[in-house]
Amino acid sequence: MVKVLSFCFLTFLPSSVAAQVIEPAPLDSIAVLEARVDSMLAADTMHVTMPDELEPFLPADTFKLKVSRDWATWKPQPQKALWLALVLPGAGQIYNRKYWKLPIVYGGFVGCIYAMTWNNTMYRDYSQAYLDITDNDPSTESYNKFLHLGRKIDASNESIFKELFKKRRDRYRRWRDLSFFCLVGVYALSVIDAYVDAELSQFDISNDLSLRVTPAVMNNSSSANPLQSSSFGVNCSLNF
C-alpha cells in the first residue's frame, strides 16, 4: 500500500522534482522520502496539487503547485514589449506595468481619430458646396447652409464665395491628412516608449553610480623645479 502511494506521489510531482527522486522509498524510509521532497519543494518555492482520492493518505498542503513571482526584482523583456506594442497599442505599457501611461496613449488615439473624422466631414461638406456653386444646376444649393441668415449668393458675390469654399475645402483636407499622420505618430511613439522603457528597466541605478570632484596638483614636467612645473586643477572621477 505504501509503495502504491509512493508511485502516485512521484507521478504528480513536477518534472524538476520527480527527476531527483530515483525510486519509490521502501517501507522503512517513507518518512525520509517525504522529508526530502518537502525540502526540495521549499527550495523551489512551489507546491504540488494532489488528486482528491489521495487526500486521506497524505497531507493536502504538500501537493499544491504554485509558482510565485517576485515583482520587486522582475524586469521586462524589451523584445517582448516591442512586439506587444506593435500588435496592440498600449499592450507594451501594460506589460511594462506602467499603467499611468495608458490614458496618454489612448487619449492621443481618440483625439487624432476625432480630429480626422471631423475634418473629413467638413472637407466633404465644403467640397460639395463648391461643386454646387460652380455647376449650372439651380436645384443644387447645399452651400446655403454655410450662409448667414438673410445672405444670398448672386452674380455680384458668386466669385467671392467660390474662392471661399475652395480655400476651406483645401484647408480641411490638409488638416484631415495631418490628423492621420498624427495618429501614426502617436502609434510609433507608443511602440518606442514601450521598447525604451523596457530597456531602461535594466539600467544600473545602484549606489556605485557617482561623480566625485576633488582638487589636484598636476605636474607637466616642463621644468626641473617642482614648484614651476606643478599647477593646481580639478580632478573629476565618474564611477559607473
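**Packing of helix 7 against helices 4 and 6**

Helix 6 crosses helix 7 with left-handed geometry. In this predicted model, the axes of the two helices lie 8 Å apart and pack at an angle of about 160°. Helix 6 is therefore roughly antiparallel to helix 7, the angle being over the limit of 145 degrees for that class. Sorted by class, the residues in the contact of helix 6 with helix 7 comprise 22 nonpolar, seven polar and seven charged ones.

The wider setting of this pair is a chain of eight helices and two strands. The order of elements from the N terminus is α-α-α-α-α-α-α-β-α-β. Of the 240 residues in the chain, 26% are buried. Among contacts with a separation of 6 or more, 50% are accounted for by residues 24 or more positions apart.

Several residues illustrate the contact of helix 6 with helix 7. Asn119 is located in helix 6, and Ser179 in helix 7. The relative accessibility of Asn119 is 6%, so this residue counts as buried. Ser179 is likewise buried, with a relative accessible area of 9%; both values are explained by the cut-off, since buried means under 20%. The side chains of Ser179 and Asn119 are joined by a polar contact of 3.5 Å. Beyond residues up to four places away in sequence, Asn119 touches Tyr172, Trp175 and Arg176 in addition to Ser179. Ser179, with neighbours within four places set aside, is in contact with Cys112, Ala115 and Met116 as well as Asn119. For one of these partners, Ala115, the C-alpha atom is separated from that of Ser179 by 6.1 Å, although the two residues are 64 residues apart along the chain.

Arg176 also belongs to helix 7. With a relative accessibility of 21%, Arg176 counts as partly exposed. The side chain of Arg176 makes a polar contact of 3.0 Å with the side chain of Asn120. The contacts of Arg176, leaving aside neighbours within four places in sequence, are with Met116, Asn119, Asn120 and Tyr123. Met116 and Arg176 are 60 residues apart in sequence, yet their C-alpha atoms are 4.9 Å apart in space. Met116 thus recurs as a partner, being in contact with Ser179 and with Arg176. Asn119, similarly, touches both Arg176 and Ser179.

Helix 7, which covers residues 158-200, also packs against helix 4 (residues 78-87), at an angle of about 165° and with 8 Å between the axes. Helix 4 and helix 7 are therefore roughly antiparallel to each other. Their crossing is right-handed, whereas that of helix 6 and helix 7 is left-handed. By class, ten nonpolar, two polar and one charged residues make up the contact of helix 4 with helix 7. On the helix 4 side, the residues concerned are Pro78, Gln79, Ala81, Leu82, Ala85 and Leu86. These meet Tyr187, Ser190, Val191, Ala194, Tyr195, Ala198 and Glu199 in helix 7.

Ser190 gives a closer view of the contact with helix 4. This helix 7 residue has a relative accessibility of 4% and so counts as buried. A polar atom of the Ser190 side chain lies 2.6 Å from the backbone oxygen of Tyr187, and Tyr187 is itself among the helix 7 residues that meet helix 4. When neighbours within four places in sequence are left aside, Ser190 is in contact with Ala85, Gln93 and Val105. Of these partners, Ala85 lies in helix 4. Gln93 falls within helix 5 (91-95), and Val105 within helix 6 (102-134).

The loop between helix 5 and helix 6 contains Arg97. The phi angle of Arg97 is near 65°, a positive value in a residue other than glycine. Most residues other than glycine have a negative phi. Arg97 is partly exposed, its relative accessible area being 38%.

Notes: Residues are numbered from 1 along each chain as its sequence is written. This is a predicted model: local features need pLDDT of at least 70, side-chain atom pairs count only at pLDDT 80 or more; totals for chains, interfaces and linings use all residues. Side-chain values use heavy atoms; hydrogens and water are left out. Buried means under 20% relative accessible area, exposed over 50%, partly exposed in between (1.4 Å probe, protein chains only). A polar contact is a pair of N or O atoms within 3.5 Å; within protein, one must be able to donate a hydrogen and the other to accept it, and residues adjacent in sequence count only if both atoms are side-chain atoms. Contact means heavy atoms within 4.5 Å. Axes are lines fitted to C-alpha atoms, for helices over the stretch in contact, and angles run from 0 to 180 degrees between N-to-C directions. Angles under 35 degrees count as roughly parallel, over 145 as roughly antiparallel, 65 to 115 as roughly perpendicular and the rest as oblique. A crossing is left-handed if the near helix is turned anticlockwise from the far one by less than a right angle, and right-handed if clockwise. Ala, Val, Leu, Ile, Met, Phe, Trp, Tyr, Cys and Pro count as nonpolar, Asp, Glu, Lys and Arg as charged, and the others, Gly among them, as polar.
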